[in-house]
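Visitor: I should like to go through this structure with you and ask what supports each description given of it. May we have it in view?

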Amino acid sequence: MHIAPRRVTFSTAGALLAAILCGPALAQGEDGTVTFVQSVEPAGLDPTVGAPVAAGEVTWQNVFEGLVAIDRDGEIVPQLATEWEISDDGLTYTFTLRDDVTFQNGEAFDAETAKFTLDRILAEDSVSGQKALYDEIESVEAPDATTLVLTLSAPSSDLLYWLGFPAAVMVEPVSTPTNQTEPVGTGPFRVTDWRQGDRVIMERWDEYWGEAPALERIVARFISDPQAQAAAIRSGQVDVISLFGAPELFGQFAEDDAFETHVGAGEMEVVAGMNSEREPFDDARVRRALMQAIDRNAVVEAVKSGYGTPIGSHFSPASPAYVDLTDVAPYDPEAAKALLEEAGLGGGFEFTFKVPNRPYAQRSAEIMQAYFAQIGVTANIVNSDFPAAWIQDVFQDTNYDMTIIGHAEPLDIDIYNRDPYYFNYHSDAFATAMDEIANAGSVEDREAAYGEAQRILAEDLPALFIYSEPKLGIWKAGLEGVWENAPVPSNDMTDVRWSE
Amino acid sequence: MTRTARIATRMASILAILLGTSLVVFLLIEAAPGDPAEIILGMSAEPATVAALRAELGLDQPLMLRYLDWLVGLATGDLGTSYTYGIPVGDLIAQRLAVTLPLTVLATVMSVAIALPLGVFAAERPGGAVDWAAQLFAQVGIAVPNFWIGLLLILGVALGLGWLPTGGFAGWDAGIGAAISALILPAVALAIPQAAVLTRVTRAAVAEITAEDFVRTARAKGLGRRRALWRHTVPNALLPVVTMLGLQIPFLISGTVLVENVFTLPGIGTLAYNALAQRDLIVVQNVVLLFAAIVLVSNVVVDLLYAVLDPRLRART
């Protein structure tokens, strides 16, 4: 799981910018370069180390590739592996690898390299932040140059999906110590310059095994403030903002012919987690009362200018397995009061609401506070510095009653089955549902099992499920091939081109 | 004491203060919540992974040992390796200073270029139109924070007129012209509050010195008004102006943090801001120490400038 880092500064001044951001866009030399905005500069450019989200958003697919990839529709597609076979018991995966692939430092890619990559994730001293996703892999064998065999300790119907993720891209052994600053991948672009704090420049690499991309150069620009992002694209300094953080400005771009906009499905769910080990949050009736006290549509309207989808469980509407469960605990203050009464808290209660200093979290929390007040519950908002203090205090030490955060990692419903995890939630029924997902033999079974898991959470409410964040994309008119949805946190530029 | 001895004593005391500062900074940053390894790895990381990274970063070493390591490194010119960027902190700071130093120099030059003439002419005709304008400028300039000025400049000059970029810095490699044009607006944003303070100080100093006996004597002996101003008044008024410039340096530093953020300039201010958010402790330590050193050294420079400007002080320093 990854929690969305939204580093936003000086947004108080945003209203002013919003008022004037209607100026004309400057002409842009439509050459072979595309510059995209990324709000968080990654710690390093190697997505296999650390938390891969920000690194992956720069280099996944552009520089690094995996055995398989996730395409723009969220489907698993072959990449460095051309095909694979899964044994009937779901415990053996046999991949056939391409034999015409070289890394950008001239070394060949083969099954040994693939084995090295996966062993490195699984190693004792691994520094992969996503190691847990690959835990079921028991051993990796490379019987010949183009065959890779994975043996699992237990079935894992999601394993292929995770192998398509930035955390599992193929790396070349010699280059691993320097991949953070000078990445070496098998992808169509090569990093030529990283000006820390400002941009990463990637040039087209001519030895690429696949089809050459149309663009000669792609540039990732690091601009954290959404107002500054808007200013940069208005003034022609950047071409693409794939995840725009200021919905209140989005409408202006939508009405402007100089830009294309798209409200895509995102993967981030904003949820108000509760500490299920603390009173009165250990009582499901109380959690449900708090959920029914909130009008999620109003929150989306106020926080996201209406862009966003209210959710009833921890799942993204972008997923094919999504079930709309918002009517399980709908907005109904009277029902909420009755539930509190039933739980012996008819007179209401008071609690501490630890809110990270991120605009979406703070705005949401303030609105929720007002809704709680309507049923006699007092939420005392306390600011928590994100990420540093929040991770320590709320996430690690679980020293909180309620908090609110956006969970950005796709398909991360299993966090409610982790022990320890900051919700302190334990449910045998949910654990069983997660087992069913892992053992699912078919796509239908898997989706049904995911549906069941969503339903359990919607009833039990270890967190208040508020909304799913949309992926607001803005790019210059005339650009083709930009991903409209974001099944994986990425800025895949390999199919992007300027139209004729 | 000879002059050299005085300077040596002064330098020794600066070193002692820096040593003390380094300890305080180190302990404060250590005490702040947030584990760098956890922040780097994100929240799906397993405890064993976090432990492995802590070991790799050297965070599992005892506190005092890490402090001493840092000091020894400082003495030998090795500032350590950034946790997040994985490159030597010295290189990182040098890269960032290549943006921040020109920015602050440009801002200081601009502020002096605005404040000196404005302050002098305001004092020359108290209550006149220039005086009135200068007072208004000083009032507004002091009241309005520099990041706000930055936002206004982005709106008006960068977006409205399209004359200059809204932010970012392509690097000096991209050409002097591009680099300077990226620095102009942030420098103006930094310069205006500084110029406002300086205007007020200049005006007050010139007004005060104009009333002094030696100026009156010079005028009585037939020196023209304008010549008396430039020969006697202004040189003497520079003393408080220089003092104020020196005192402004800490404000200038904190100003760069805000202004660089507004203009997304990869300077030392943004580095400090982001390193703190990411708990890149080793970077924060070094940058804060650098800030402290700049403030201390600038105080010494101001003292030395006094001696140049006012011969009477030479005997004392």
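Guide: In this predicted model, the buried residues of H1(B) are covered by elements including helix H4 (63-75) and helix H12 (281-309) of chain B.

Visitor: What makes residues of H1(B) count as buried?

Guide: The cut-off is under 20% relative accessible area. In H1(B), the residues that meet this are Ile14(B), Leu18(B), Thr21(B), Ser22(B), Val25(B), Phe26(B) and Ile29(B). In an α-helix there are 3.6 residues a turn, so residues three or four places apart point the same way.

Visitor: How do you know that the span of helix H1 of chain B agrees with its number of residues?

Guide: Helix H1 (residues 3-31) has 29 residues, which at 1.5 Å a residue should span 42 Å; the end C-alpha atoms are 42 Å apart, so the two values agree.

Visitor: Why is the pair Asp385(A) and Arg279(B) called a salt bridge?

Guide: The closest N and O atoms of Asp385(A) and Arg279(B) are 3.8 Å apart. The rule asks for a side-chain nitrogen of Lys or Arg within 4 Å of a carboxyl oxygen of Asp or Glu, so the pair qualifies. Across the interface of chain B and chain A, 1 salt bridge is found, along with 6 residue pairs in polar contact.

Visitor: What makes up the side of chain B that touches chain A, by class?

Guide: That side has 26 nonpolar, 16 polar and 7 charged residues. Between chain B and chain A, about 4100 Å² is buried, with carbon and sulfur atoms giving 62%. Met43(B), Ser44(B) and Tyr85(B) supply 18% of the area that chain B buries against chain A, more than any other three residues.

Conventions: Residues numbered from 1 in each chain as written. Chains lettered and ligands numbered in written order. Predicted model: local features only at pLDDT ≥ 70, side-chain atom pairs only at ≥ 80, totals over all residues. Heavy atoms only, no water. Buried area = accessible area lost by both parts, 1.4 Å probe. Polar contact = N/O pair within 3.5 Å; in protein donor to acceptor, adjacent residues only side chain to side chain. Nonpolar A, V, L, I, M, F, W, Y, C, P; charged D, E, K, R; others polar. Helix = DSSP H or I, 4+ residues; strand = E, 2+ residues; numbered from the N terminus. Expected span 1.5 Å × (residues − 1). Buried < 20%, exposed > 50% of the residue type's maximum accessible area, 1.4 Å probe, protein only. Contact = heavy atoms within 4.5 Å.
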